[in-house]
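This report describes a single protein chain, proceeding from local contacts to the sheet, a helix, backbone geometry and the cysteines.

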Amino acid sequence: FTSFYVTEAVCSASRASFMTGCYAVRVGLQGALNHTSKIGISDGVHNLARILKSRGYRTALFGKWHLGHHAQFNPLRHGFDEFVGTMFPNDCDNRFHPIIRTFPPFTVYEAEKAIMKDPDQSILTEMLTNRAVDFIGKNKDQPFFLYLAHIMPHVPIHPSAKWKGKSAGGAYGDCIEELDWSVG
């Protein structure tokens with residue numbers, strides 16, 4: 001658990017490798033899934049959350065899942081006790097994608113229920129951070145696995161009002177400053 005090397009340079013494939021310890025192609029996931037994808041992380045694949053949960057850990061994912069959007073691929077069905085986040089990256093949104101204009105609304109879920117459609121993306125980093133801190137507080141006296149997969153700084157970039165203009169690096173730098181705060 002001291003290092004991880006990305007096996008592919010795109011979202012779904014690298015997340016599949018992180019979660020399973022396998023090359024993405026071995027678990028049937030390559031590239032980046034989108035709203036037309038019929039596949040996702042398979043039930044038959046062992047993953048980090050399932051393994052840790054089976055050993056008594058509380059598990060949570062806050063942030064981007066991107067390993068399938070159909071019900072059978074929901075993180076709660078793959079070893080997570082809690083989930084708040086998105087099924088896709090934030091550029092899978094008709095308002096921001098440069099080419100495709102057929103996306104469903106960009107949606108934030110809690111468990112299996114949509115809680116925000118087309119949210120103000122500038123609130124997501126703080127919201128996910130707060131959920132993570134709450135989860136740590138609730139589970140500090142027992143083993144837990146927290147997978148915090150922030151949506152920023154994926155483009156389009158949306159720093160919060162608190163962090164806008166705080167860095168010399170523009171909006172991207174502002175998001176990095178906010179993520180640094182989150183980790184701290």
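## Surroundings of Glu 112

Glu 112 is in contact (heavy atoms within 4.5 Å) with Asn 74, Leu 76 and Arg 77, leaving aside its neighbours within four places in sequence. The model is predicted: local features need pLDDT of at least 70, side-chain atom pairs count only at pLDDT 80 or more, and totals for chains, interfaces and linings use all residues. Residues are numbered from 1 along each chain as its sequence is written, and side-chain values use heavy atoms, with hydrogens and water left out.

One of these contacts is polar: the side chain of Glu 112 meets the side chain of Arg 77 at 3.0 Å. A polar contact is a pair of N or O atoms within 3.5 Å; within protein, one must be able to donate a hydrogen and the other to accept it, and residues adjacent in sequence count only if both atoms are side-chain atoms. Glu 112 is found in the loop between β3 and β4, where helices (H or I, at least four residues) and strands (E, at least two) are DSSP runs numbered from the N terminus. At 42% relative accessibility, Glu 112 counts as partly exposed. The terms are set by relative accessible area: buried is under 20%, exposed is over 50%, and partly exposed lies in between (1.4 Å probe, protein chains only). Glu 112 and Val 84 are 28 residues apart in sequence, and their C-alpha atoms are 8.9 Å apart in space.

## The sheet

The loop that holds Glu 112 connects two strands of the sheet described here. Five strands form this open sheet in the order β4-β3-β2-β1-β5, with mixed pairing. Its edge strands are β4 (113-117) and β5, each of which pairs on one side only. Neighbouring strands are turned by 10° against each other on average, direction ignored. For these angles, axes are lines fitted to C-alpha atoms, for helices over the stretch in contact, and angles run from 0 to 180 degrees between N-to-C directions.

Two strands pair if DSSP finds at least two bridges between them. At one edge, β3 (residues 107-110) and β4 pair in the antiparallel sense over four bridges, and Tyr 109 stands opposite Ala 114 in β4. At the other edge, β1 and β5 run parallel and are joined by six bridges; here Gly 63 stands opposite Ala 149 in β5.

In a regular strand the side chains alternate between the two faces of the sheet. The covered face of β5 consists of Phe 145, Tyr 147 and Ala 149, while Phe 144, Leu 146 and Leu 148 make up the uncovered face.

## Helix α4

Helix α4 (residues 170-183) has 14 residues and reaches 20 Å from its first C-alpha to its last. That reach is close to the expected 20 Å, the expected span being 1.5 Å times one less than the number of residues. Which residues of α4 are buried? They are Gly 173, Asp 174, Cys 175, Glu 178, Leu 179 and Ser 182. What covers them includes α3 (124-139) and the edge strand β5 (144-149).

## Backbone geometry

Two cis peptide bonds and two positive phi values are listed below.

| Residue | Feature | Value | Location |
|---|---|---|---|
| Pro 153 | cis bond from Met 152 | omega near 10° | loop between β5 and α4 |
| Pro 156 | cis bond from Val 155 | omega about 0° | loop between β5 and α4 |
| His 66 | positive phi | about 60° | loop between β1 and β2 |
| Asp 118 | positive phi | about 50° | loop between β4 and α3 |

His 66 is not a glycine, and neither is Asp 118. His 66 counts as buried at 1% relative accessibility, whereas Asp 118 counts as partly exposed at 35%.

His 66 also takes part in the surroundings of Ser 12, a residue of helix α1 (residues 11-20). Ser 12 is buried, with a relative accessible area of 0%. Not counting residues up to four places away in sequence, Ser 12 touches Gly 31, Ala 32, Leu 33, His 66 and Leu 67.

## Cysteines

A disulfide is a covalent bond between the sulfur atoms of two cysteines. With a disulfide taken as a pair of cysteine sulfur atoms within 2.5 Å, the structure holds zero disulfides. Why does Cys 11 form no such bond? The closest cysteine sulfur, in Cys 92, is 8.5 Å from the sulfur of Cys 11, which is too far for a bond. For Cys 22, the closest cysteine sulfur is that of Cys 11, at 19 Å, again too far for a bond. Cys 22 is partly exposed, with a relative accessible area of 30%.
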